[in-house]
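Student: Please give me a close look at one part: the packing inside and between the chains. Keep it brisk, and tell me where to be careful.

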Amino acid sequence: MSSVIDCKHARLQIGGEPQVLSAEVAQHIATCAACSKFRDETLAMEGRLKSALELPLHHFRESPLKVAPRRFALAASIVLALLVGGGAWLFRPQPVLAAEIVEHIRHESGSWGSREPVPPELLDAVLAKAGVRYNPRLPVTYASPCPFRGHIVPHLVVQTDHGPVTVMLLSHEKVKSEGKFTEGQYHGVVFPAGSGSIAVLAPSGQPFDDALEQVKEGAL
Amino acid sequence: MNPRPRGTTATSAFARLLETLRPDLVRFAFWLARDRAVAEDVVQETLIRAWKSREEIKDPAATRPWLLTIVRREHARLYERKRLPTVDLAEVEALGDPALVSGEVSDGEAGLDDLRRAILKLADEYREPLVMQVLGGLTTSEIAEQLGLTQPAVLTRLFRARNKLREIYGLAPAEDAE
């Protein structure tokens, strides 16, 4: 029985797809010792090739943080000091900032609909993309890196006992003190945290203060 | 830390799948970029995009090739966006990357580290389909579709890639198909 392909084409098939043995290649190597040897060598190399490509990952980041993160931990004492000493409630956040936060939330209003916690890998990726570190200790059901005022900021939805609230980590927005605002159908607050600030928003129909308290406690 | 996803919903299943596949996504991105930091950035972007588009996946078996496609696109986008310099084959910094060092004791045969360095030196047009096939598990037909090539062209590239790697094992390269 004569082969239907020559050595050159048999080796092309073997070198291109070593794991596939077509009928015509099988027929060829049955009568060609050199190509049969070539296939044996290629298959032997294939195992090593797979091992080589499967890099050990211990040199890679387990948590994909790429820049020195800004921490968003809320120290209760600091917040309390700001509340008492700074007369926080007398200050309103810059109206423009509040309006822009609300406008951003309006565009992602569907974010409150999810109840499934996002995977830790995704939350890590979103925080890392913005170069921030944040530990809400509450289920996060939405996490997106969003462009906001020229920076990428983590836009999260955190599930509290009082309903979902949006948390935006504004590492580039400094505010002097905590200030609440109401814009349209939303209640919100922006308060200093780390070297930036955190904005928390919720629909006006749900108990905001209790939810806010839980967010702050969760971040401790 | 965000509580681990619970339940048996499709979303939780997808989250677990992402967790399972992430190591291979990192490896795949590394072999594309030949740079560990870039690979990590690419996978970050991939996870974010995949999560946003998870409704597109109806068949869990299709998730792996779908994610590899996103990795490829994000890798390309990163280079377009940041205008990262192309890597000179003669000056591949990743050659000295500790991720390539297996600690394997050589028994006289070319070790994994040598093979990894040889893979890194392959030109993109050979390395990419090879990684897609061996690490990604894609067929030549799927690779052809992703790379916008014909299946015979992919076969030729894969053949040439392996042909170049034969040399480090002291094996004679086969005559080129063209």
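Tutor: The core comes next, then the interface, a few single residues and the confidence. This is a predicted model, in which local features need pLDDT of at least 70, side-chain atom pairs count only at pLDDT 80 or more, and totals for chains, interfaces and linings use all residues. Residues are numbered from 1 along each chain as its sequence is written, with chains lettered from A and ligands numbered from 1 in the order in which they are written.

Start with the core. A nonpolar core is a set of buried Ala, Val, Leu, Ile, Met, Phe, Trp, Tyr and Cys residues joined through C-beta atoms within 7 Å. Buried means 20 or more other C-beta atoms within 10 Å of the residue's own; exposed means 12 or fewer, and partly exposed lies in between, with C-beta atoms placed from the backbone. The largest such core holds 91 residues. Those with the most contacts inside it include Leu122(A), Val167(A), Phe28(B) and Ala29(B). Helix α1 of chain B, residues 10–33, gives the most to this core: 11 residues. Helices (H or I, at least four residues) and strands (E, at least two) are DSSP runs, numbered from the N terminus. A second, separate core has seven residues, among them Ala10(A), Val25(A) and Phe38(A). In soluble globular proteins, nonpolar side chains tend to be buried together.

Take Ala29(B) up close. Two residues are in contact if their C-beta atoms, placed from the backbone, lie within 7 Å. Beyond four places in sequence, Ala29(B) touches Ala39(B), Val42(B), Val43(B), Val71(B) and His75(B).

Now the interface. Here 42 residues of chain A are in contact with 50 residues of chain B. On the side of chain A that touches chain B, α1 (7–16), α3 (33–53), α6 (120–130) and β3 (140–148) each supply at least two residues. Of these, α3(A) gives the most, with 10 residues. By class, that side of chain A has 23 nonpolar, seven polar and 12 charged residues. Ala, Val, Leu, Ile, Met, Phe, Trp, Tyr, Cys and Pro count as nonpolar, Asp, Glu, Lys and Arg as charged, and the others, Gly among them, as polar.

Ile119(B) has a contact across the chains. This residue sits in helix α4 of chain B, residues 112–121. Ile119(B) is buried because 23 other C-beta atoms lie within 10 Å. Beyond four places in sequence, Ile119(B) is in contact with Ala52(A), Trp31(B) and Arg127(B). Its C-alpha atom is 8.5 Å from that of Ala161(B), 42 residues apart along the chain.

Two arginines deserve a look at their backbone. Arg34(B) lies in the loop between α1 and α2 (36–52) of chain B and has a positive phi near 55 degrees. Arg34(B) counts as buried because it has 20 C-beta neighbours inside 10 Å. Arg149(A), in the loop between β3 and β4 (151–160) of chain A, has a positive phi of about 50 degrees although it is not a glycine. Arg149(A) has 13 C-beta neighbours inside 10 Å, so it counts as partly exposed.

Finally, confidence. pLDDT is the predictor's confidence in each residue, from 0 to 100. Chain A averages 79; chain B averages 80. The model scores ipTM 0.82 and pTM 0.66. In chain A, pLDDT stays under 50 over residues 63–69 and over residues 74–93. In chain B, pLDDT stays under 50 over residues 4–8. Where pLDDT is low, the predicted coordinates should not be read in detail.
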